[in-house]
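Hi,

Here is the model I promised to pass on. Have a look, and my notes follow underneath.

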Amino acid sequence: MEKALVMTGVTKLFSTGRGIKDINLSVNQGDIIGILGPNGAGKTTLLKCMTGLTKPTKGKIELFGINLDGNFKMAIRPIGALIGAMAVAENMTPYQNLKMSARFYPEIPKTAIDAVLQLTGLFQHRNEKISTFSMGMKQRFGIASALLAKPRLVILDEPTNGLDIEGLLLLRQAIQEVARQSGVTFVISSHHLSELEQLCNRYCFIINGKAQLYEANINGQSLEEVYVKAVEAAN
Amino acid sequence: MNTIVANSYNELQKLVTRRVTKLFFGVALSIPFIVKLVVNKLFITDWMALPSENINFSILDLFITIILPLFIFIAATYLFTGESERGTLLIVRPISRIELYLTKTAAISIIIMFQLLMTWLSIIISSVLFDQSFHFSSLLTSLAASLLSWVPLIVLTSLAIVLALLVNSSVLAISSMIFLYLLMFVLPYLFPNVMYLLPSSYLDWYMQWFRNMSIQWLIQTFTYLCSSFALYFCTGYFIFSKKEV
């Protein structure tokens, strides 16, 4: 099976001493992997390293077999991500923002913008300025932006932040639909254990900067039980 | 679409859709009209003695020493410090760091060129409307002056970008740029030899082309401007390449 993501010995340490240490992670094409961990454990740092937003202190990252550090443009092409800021320019509309992103992908049809706006429930707000959006609407836009170029690997950092119940359902349906139809791989960081439990087939716990991998439904235990045990064991 | 072309469009779009850019375009169009109207219709006697071409150069000087540097500082702060603050400086799109940096610099430079051309157009139209005599030669002279002024403004842009990348706050970035720019005008009074090293001293270098300067001096000045740009551009890229979101 093709590997969507391979991280080998990835370390990123900040001056505060926090960060991630010697992370080894291998994600197969089609996996939906949930990233969990306490606040400040290094989840966002891990995702930023995967997308080149942060350069690791040491280690190697490969996306679909291409070294991220050696050939960033080629490696990042099949990747969609929502990490931190959602919009490129908040004084512009979601349609304009997505059109700007679409310029990097000449192969995607013009209808793709409307399609992702429909998928995230933002179509009727396509001509409103993003600066007027609520937190949840901005989050929906971020998800639309991540899915725009029909990526093979989608990396989402706290995608449920600010979403209402309808938004949560929409996000879950969108992920399940995209994963089922196109075999897209997802890496999702979240504190919503129940959401992750419904979506993921694998989990990666980041505790004290180190990674622990788990398959879903191991020994019939719930995600919460497995997670709490892992945190207690680490402390 | 080529990545460089694509992101140049994007950065231009980001700048053009801002109110402040539209305001500067409005200033570029209106100031020459206002000046010509005041000078020619309201009978300001001291200015009446000047040939209209000198007034055109005075208007251009106003733009290249005050208005356009101010725009450069605002644009560099928005595209670099501001984006760093908002977390949008680096994007998860197939574009390399050097291309991202290059296209941001190019976008500011292209808008400066547009501003210069709009100023020139406004000067020409207002000259036709208000000047008692208008010569075709002044059309070409002022166009050449505008195009030549682009070169030192690009150098100033690359220097402003370095400053924008060095600080983490937009307020600090713009205030330090303005302070340093003012300092560049004060320093030559205290240390006259420093003048030849400051980018601000070359903003009106177009005048050298109209004063029968030797070709050697012009080449020397052009070489200095190019090397200054290379130095600032590389320094800026070095800082940009180390940036993390």
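By contact I mean heavy atoms within 4.5 Å. On that footing, 26 residues of chain B meet 27 residues of chain A.

Housekeeping: this is a predicted model, where local features need pLDDT of at least 70, side-chain atom pairs count only at pLDDT 80 or more, and totals for chains, interfaces and linings use all residues. Residues are numbered from 1 along each chain as written, chains are lettered from A in the order written, and side-chain values use heavy atoms, with hydrogens and water left out.

Now the interface. About 2,500 Å² is buried between the two chains, 54% of it from carbon and sulfur atoms (accessible area lost on putting the two parts together, 1.4 Å probe, summed over both). B:Val92, B:Arg93 and B:Pro94 supply 31% of what chain B buries against chain A, more than any other three residues.

The rule finds two salt bridges across the interface of chains A and B (a Lys or Arg side-chain nitrogen within 4 Å of an Asp or Glu carboxyl oxygen). One pairs A:Lys73 with B:Glu99, at 3.0 Å from N to O.

On chain B's side, the elements giving two or more residues are α1 (3–16), α4 (52–86) and α5 (97–130), with helices being DSSP runs of H or I, at least four residues long, numbered from the N terminus. Of these, α1(B) gives the most, seven residues.

Elsewhere, is A:Thr93 buried or exposed? A:Thr93 is buried, because its relative accessible area is 11% (buried is under 20%, exposed over 50%, 1.4 Å probe, protein chains only). Beyond four places in sequence, A:Thr93 is in contact with A:Arg126, A:Asn127, A:Glu128, A:Lys129 and A:Ile130.

Cheers
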